[in-house]
Amino acid sequence: MHKVERINLGDKINLTFIGVDKFKTNLISVYMQRPLDKKEVTKNALIPNILKSGSNKFKSQREISKKLDDLYGAGVYADVAKKGDMQILSFKMSITDETYLDEKIFKESLIFFNDMINDPLVENGGFNKEYVDIEKNNLSDKIKSRINDKSRYALERCIEEMCKDEKFSIYEYGYEEDIESINEKNLYDHYKTIMKSSPIDIVVAGNLDKDKVLDYIKNIFKFERENVIDIVGDNNIGMIDSIKNVVDKMDVTQGKITLGYRTNIDYKDDRYYSLMVYSSILGGGPHSKLFVNVREKESLCYYVYSMIEKYKSIMFISSGIEIDKYDKAIELIGEQLEKIKKSDISEEEIVNSKNSIINSIKSVRDSLNSLSDFYYSQGISDVNENLDSIMKKIQNVDIKDVVDVSSDINLDTVYFLRN
C-alpha cells in the first residue's frame, strides 16, 4: 500500500507526497503546466533539455555526471508531454533510498535538483549558446523523425485534422519553422516567464518521511512568482456537422487508418469508467472485437486497436492494412461498433475487458514514475480517485452501462495514409 497526500504550498504550487516502501529508489518530479499555444510550444519543448545541460554551479555534462556519480548513480530526466489542452514540462530525479546507503543524500540531491531547475547556466543575459544550438538541432531531428513511425504519424495527423481549430491539434514538440528564430536570449526570457507564471507541481515518491520532505521542499525550492496563469481548455463536447475524410499519400507499403470519434463523455463523469470498458471490449487487446473479428477471422489488418484520449473525450481506432482492403476494413470496423450498440457483448468479453484494464491499473504500482504521473494527473484534474477506487468502479461496470455510453460515440474523422 501507499499513502498519498497533496499539499498546497501557495502561488499555485502543490506538493504531492507518495509514501511507498517497496522500491530501492526515491523519485522527485517537478511538473510545469503551460497552455498548448503555437506561439510558445517550440520554446517550451527546448527548455527541459537546456536545463538538463548545465547549471551555474555545474556548468557541463561532465560536472553533472560527476555529481550524479557522487550521489550514488542518481539520474536526471526531462521531457515535455501533452495532456488535453496543456503542454507539461517535466523534470525528474531518481536517487537511491538512504536505507541502502551509509550516508544521507536526499537533502543534497534536492539542492542539486533545485540548482538545475532554478539556477540554469546563464551567460551574457541568456542561456549558454552552445547548449542552445545543440538542443535546437536535437529538437529539429526529433520533429523530422515523426514520419519514421508511420502508425504514430497517422494518429497525430488524424488529431491535427480532427482538432484543427482546437489547441489539442498542436504538436507537443513544436514546429521546425519556429526553431531558427529562437536564440539563447529570447529562450532565457521565456524560461523566466514560465518559472514565474506556470502552475507547478512537485511530486515526491518513495520511502520517505512526509514532514521532512515538506520542510526540505519549502526551504530548498524557491520559485519567484508573478502573474500565475489559469489554463483554460477548449470545450470537449460538441456536435459533428459532417465526417471529415482525409487522405495523405506517402511511399508506404502498408496503409494506415485512424478513425477519430467524439465520445462526449468527460473524464470527471462516472460514465467515463464505462467508456474505458467500452474501448477495451472494442479494441483493447487480443480479447477485443476488433482483434478477433477484423484481424483474426478476416485477416484484414496487421494490427488494430482502440484508445481513449482521456482529457479530450476522444477515442481513436488505429489499424495497419493492405491498401486495397480499405473499404472492407472500414466496413468491418463499423460493424463492431454496431454490435456493441445492439448489446451483442458476451459475458466473457466484458470480464476479459475489465480484467485487462484492472491489470493495467495494478501495474502502475510497479513503477515510481507511473505512480508519480498518475497522482500528478489526478491532482491537476481535480479527481479524487485512487487506484483501488478506480478498479472498483471498473469492476462495477455492466453490459448495460457499456451499451449506454456507445450511443454517445460519433465518428468525426477518417484518416488514411496510403501510397
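Here are a few notes on a sheet, the helices lying across it, and one helix pair in this predicted model.

1. Start with the sheet. Five strands make it up, it is open, and reading across you get β9-β13-β10-β12-β11. The pairing is mixed. At the edges sit β9 (244-249) and β11 (301-309), each of which pairs on one side only. Going from one strand to the next, the twist averages 15°.

2. Next, look at the β11 edge. Its partner there is β12 (residues 314-321); the two run antiparallel and are joined by eight bridges. If you want a spot to check the register by eye, find I308, which stands opposite M315 in β12.

3. Two helices are worth tracing over the sheet. Helix α5 (residues 150-162) lies across β9, β10 (255-262), β11, β12 and β13 (410-418), and its direction is at about 40° to β10. Helix α10 (residues 289-297) lies across β11 and β12, and runs at about 155° to β11.

4. Now for the helix pair. Helix α1 (residues 41-53) packs on helix α7 (residues 184-197) at about 90°, and their axes are 10 Å apart. Angles from 65 to 115 degrees count as roughly perpendicular, so that is the label for α1 and α7.

5. Which residues of α1 and α7 meet? From α1 you have K43, N44, L46, I47, I50 and L51; from α7 come N186, L187, H190, Y191 and I194. Sorted by class, this contact has seven nonpolar, three polar and one charged residues.

Terms used
Residues numbered from 1 in each chain as written. Predicted model: local features only at pLDDT ≥ 70, side-chain atom pairs only at ≥ 80, totals over all residues. Heavy atoms only, no water. Pairing = 2+ DSSP bridges. Helix = DSSP H or I, 4+ residues; strand = E, 2+ residues; numbered from the N terminus. Axes fitted to C-alpha atoms, helices over the stretch in contact; angles between N-to-C directions. Contact = heavy atoms within 4.5 Å. Parallel < 35°, antiparallel > 145°, perpendicular 65-115°, else oblique. Nonpolar A, V, L, I, M, F, W, Y, C, P; charged D, E, K, R; others polar.
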